[in-house]
Amino acid sequence: DISRGKISKNEVSKMNNYLKKQIKIDDLFACYHDDVDECECRKPKPGLLFFAGKKWDIDFKKSYLIGDREKDILAGNAAGCKTIFIDNNYGEKKPLSQNFTITSLEQTLKIIK
């Protein structure tokens, strides 16, 4: 949305800082590119996940990626994560390769133990 002019980088930074203060989050990562940039950090490519994995020594085989769009699930699969698709019934193509499909974030508690 930043590269499309829908929101400024400063506004995104403010939102991320607010989240960090409200809930325990170690880090946040964001891609500021658009699809046409074909960068490695924009989903469905897993580059940003790999960057975070390297920084935090993440074992993707023991990790879950939770997303509400097909490109989230594709990125998680490419990184080797188990994937959970939250089906919000958006009017777009749904993924077919996720490990789990749920309809609310609360349902992840039954999956991730």
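A cavity, as the word is used here, is a set of grid points where a 1.4 Å probe fits but cannot get out. Keep that in mind for one of the views below, and remember that the whole model is predicted.

**Figure 1. The overall fold mixes four helices with three strands.** Start at the N terminus and follow the chain: the elements run α-α-β-α-β-β-α. The C-alpha atoms fit in a box of roughly 35 × 30 × 25 Å along the principal axes. For 113 residues, a compact globule would have a radius of gyration near 13 Å, and the 15 Å of this protein agrees with that. Of those 113 residues, 27% count as buried.

**Figure 2. Here is helix H2, which covers residues 47-56.** Which residues of H2 are buried? Gly47, Ala52 and Gly53 are. Just past the end of H2 comes Asp57, with a positive phi of about 50 degrees. Helix H2 also holds Phe50 and Phe51, and we'll meet both of them in the next two views.

**Figure 3. Phe29 and Phe51 make one of two aromatic pairs.** The ring centres of Phe29 and Phe51 sit 5.6 Å apart and the planes are at 80 degrees, so this pair is edge-to-face. It links distant parts of the chain: Phe29 belongs to the loop between helix H1 (9-22) and H2, while Phe51 is in H2, 22 residues apart. Is Phe29 buried, exposed or partly exposed? With 30% relative accessibility, Phe29 counts as partly exposed.

**Figure 4. Phe50 and Phe60 form an aromatic pair too.** This pair is edge-to-face, with 5.9 Å from centre to centre and 75 degrees between the planes. Phe50 is in helix H2 and Phe60 is in the loop between H2 and strand E1 (64-67), so the pair ties together parts that are 10 residues apart in sequence. Phe60 is buried, its relative accessible area being 14%. Phe50, at 39%, is partly exposed.

**Figure 5. A lysine sits over a tyrosine ring.** Take a look at Tyr64: over the face of its ring lies Lys82. The distance from the ring centre is 5.0 Å.

**Figure 6. The largest pocket has a volume of about 1,900 Å³.** Its lining takes in 42 residues, and those closest to the centre are Leu28, Phe29, Ala30, Lys43 and Leu48. Which elements give two or more residues to this lining? They are H1, H2, E1 and helix H3 (70-79). Sorted by type, the lining residues come to 25 nonpolar, five polar and 12 charged. Phe29, one of the residues closest to the pocket centre, is also the partner of Phe51 in the aromatic pair of Figure 3.

**Figure 7. One cavity of 30 Å³ or more turns up in the structure.** Rolling a probe the size of a water molecule over the atoms shows where empty space is left. How much space lies in the largest cavity? About 50 Å³. Its lining is made of Asp68, Arg69, Phe85, Asp87, Asn89, Tyr90, Glu92, Lys93, Lys94 and Pro95. Six of these lining residues are charged, three are nonpolar and one is polar.

Technical notes
Residues numbered from 1 in each chain as written. Predicted model: local features only at pLDDT ≥ 70, side-chain atom pairs only at ≥ 80, totals over all residues. Heavy atoms only, no water. Buried < 20%, exposed > 50% of the residue type's maximum accessible area, 1.4 Å probe, protein only. 1 Å grid on protein atoms, 1.4 Å probe; cavity = no way out; pocket = protein on both sides within 12 Å on 5 of 7 lines; lining within 4 Å. Points joined across faces, edges and corners; volume = space filled by probe spheres on them. Nonpolar A, V, L, I, M, F, W, Y, C, P; charged D, E, K, R; others polar. Phe/Tyr/Trp six-rings, centres within 6.5 Å; stacked < 30°, edge-to-face > 60°. Lys NZ or Arg CZ within 6 Å of the ring centre and 35° of its normal. Rg over C-alpha atoms; globule rule 2.2 N^0.38 Å.
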